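Welcome! Here is a short guided walk through a protein model, going from one group of side chains to the next. Please keep the picture open as you read.

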Amino acid sequence: MIELDTSDLQLLCALREDCRLSLRDLGEKCSLSAPAVSARIRRLEQAGVIRGYTVSLSDSAFALEVEALIYTKVRFDCIQAYLEYMKSALAVSACMKIADEYSYMAIASFRSISQLNNFVLYLEENFGQCRISIILKKEFINRVPLNFDKKN
């Protein structure tokens, strides 16, 4: 496991918020020179702390007005087929195994409630019982949590 110091954590926070910042801008946020930022990023990438950089797409650009959490009690004999289907479903942005009454939770976006209902009907017919929660508002974007407490 790699030891992270305060500058590493500041750098990771800055990258989490905007991974397109220049080395100079990152350095200003972390009180480091651009070469020092570059060296730290390379070390964090090589250690597997930084796994990649991503683009966050706008739901509204695709007219995806409905976002939902879909909980599914996947029948044991359908788990592999369910996971393959969810990976192939363009509406699904995340799928997680959970310890709950339901076995999986997915986050998915749709153009309408009707599309969401059709998707859930397909899941229920093929994989198991579902429960839906509509996301009304995202308070902040998805991000990896960082722990600044050195005791943990």
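Let us begin with two charged residues: arginine 24 is exposed, and so is glutamate 28. Here exposed means over 50% relative accessible area, buried means under 20%, and partly exposed lies in between (1.4 Å probe, protein chains only). The model is a predicted one, in which local features need pLDDT of at least 70, side-chain atom pairs count only at pLDDT 80 or more, and totals for chains, interfaces and linings use all residues. Residues are numbered from 1 along each chain as its sequence is written, and side-chain values use heavy atoms, with hydrogens and water left out.

**Helix α2 and the loop after it**

The side chains of arginine 24 and glutamate 28 are joined by a salt bridge, with 3.1 Å from N to O. A salt bridge is counted when a side-chain nitrogen of Lys or Arg is within 4 Å of a carboxyl oxygen of Asp or Glu. The two residues are 4 apart in helix α2, which separates them by about one helical turn. Helices (H or I, at least four residues) and strands (E, at least two) are DSSP runs, numbered from the N terminus.

Which residues of helix α2 (residues 23-30) are buried? They are Leu26, Gly27 and Cys30. These residues cover an arc of only 100° around the axis, so they sit on the same side of α2; the arc is that of the directions from the helix axis to the C-beta atoms. On the other side of α2, Arg24, Glu28 and Lys29 are exposed.

Serine 31 is found in the loop between α2 and α3 (34-46). Its phi is near 60°, a positive value in a residue other than glycine. Serine 31 is exposed, at 69% relative accessibility.

**Salt bridges elsewhere**

In total, the structure holds 7 salt bridges. Three of them are set out here.

| Salt bridge | Closest N and O atoms |
|---|---|
| Arginine 24 and glutamate 28 | 3.1 Å |
| Aspartate 8 and arginine 40 | 2.7 Å |
| Glutamate 101 and lysine 73 | 3.0 Å |

Glutamate 101 belongs to the loop between β2 (92-97) and β3 (104-110), and lysine 73 to the loop between β1 (66-72) and α4, so their salt bridge ties together parts that are 28 residues apart in sequence. Glutamate 101 is exposed, with a relative accessible area of 54%, whereas lysine 73 is partly exposed at 27%. Salt bridges that share partners also join Asp5, Asp8, Arg40 and Arg43 into one network.

Within that group, aspartate 8 forms a salt bridge with arginine 40. Aspartate 8 lies in helix α1 and arginine 40 in helix α3, so this pair links parts that are 32 residues apart in sequence. Are these partners buried or exposed? Aspartate 8 is buried, with a relative accessible area of 1%, and arginine 40 is buried as well, at 18%.

**Rings and charges**

Lysine 73 has another neighbour: it lies over the face of tyrosine 102, at 5.1 Å from the ring centre. Likewise, the charged end of arginine 131 sits over the ring of tyrosine 71, 4.1 Å from its centre. A charge sits over a ring if NZ of Lys or CZ of Arg is within 6 Å of the ring centre and within 35 degrees of the ring normal.

How many aromatic pairs does the structure hold? There are 8 aromatic pairs. Rings of Phe, Tyr and Trp (its six-membered ring) pair if their centres lie within 6.5 Å; planes under 30 degrees apart count as stacked, over 60 as edge-to-face and the rest as tilted. One of the pairs is formed by tyrosine 85 and phenylalanine 127, which is tilted, with 5.9 Å centre to centre and 35° between the planes. Tyrosine 85 lies in helix α4 (residues 79-88) and phenylalanine 127 in the loop between α5 (113-126) and β4 (130-135), so the pair ties together parts that are 42 residues apart in sequence. Tyrosine 122 and phenylalanine 127 have ring centres 6.2 Å apart and planes at 70°, so this pair is edge-to-face. Phenylalanine 127 is buried, with a relative accessible area of 5%, while tyrosine 85 is partly exposed at 23% and tyrosine 122 is partly exposed at 34%. One aromatic cluster is formed by Tyr82, Tyr85, Tyr104, Phe110, Phe119, Tyr122 and Phe127.
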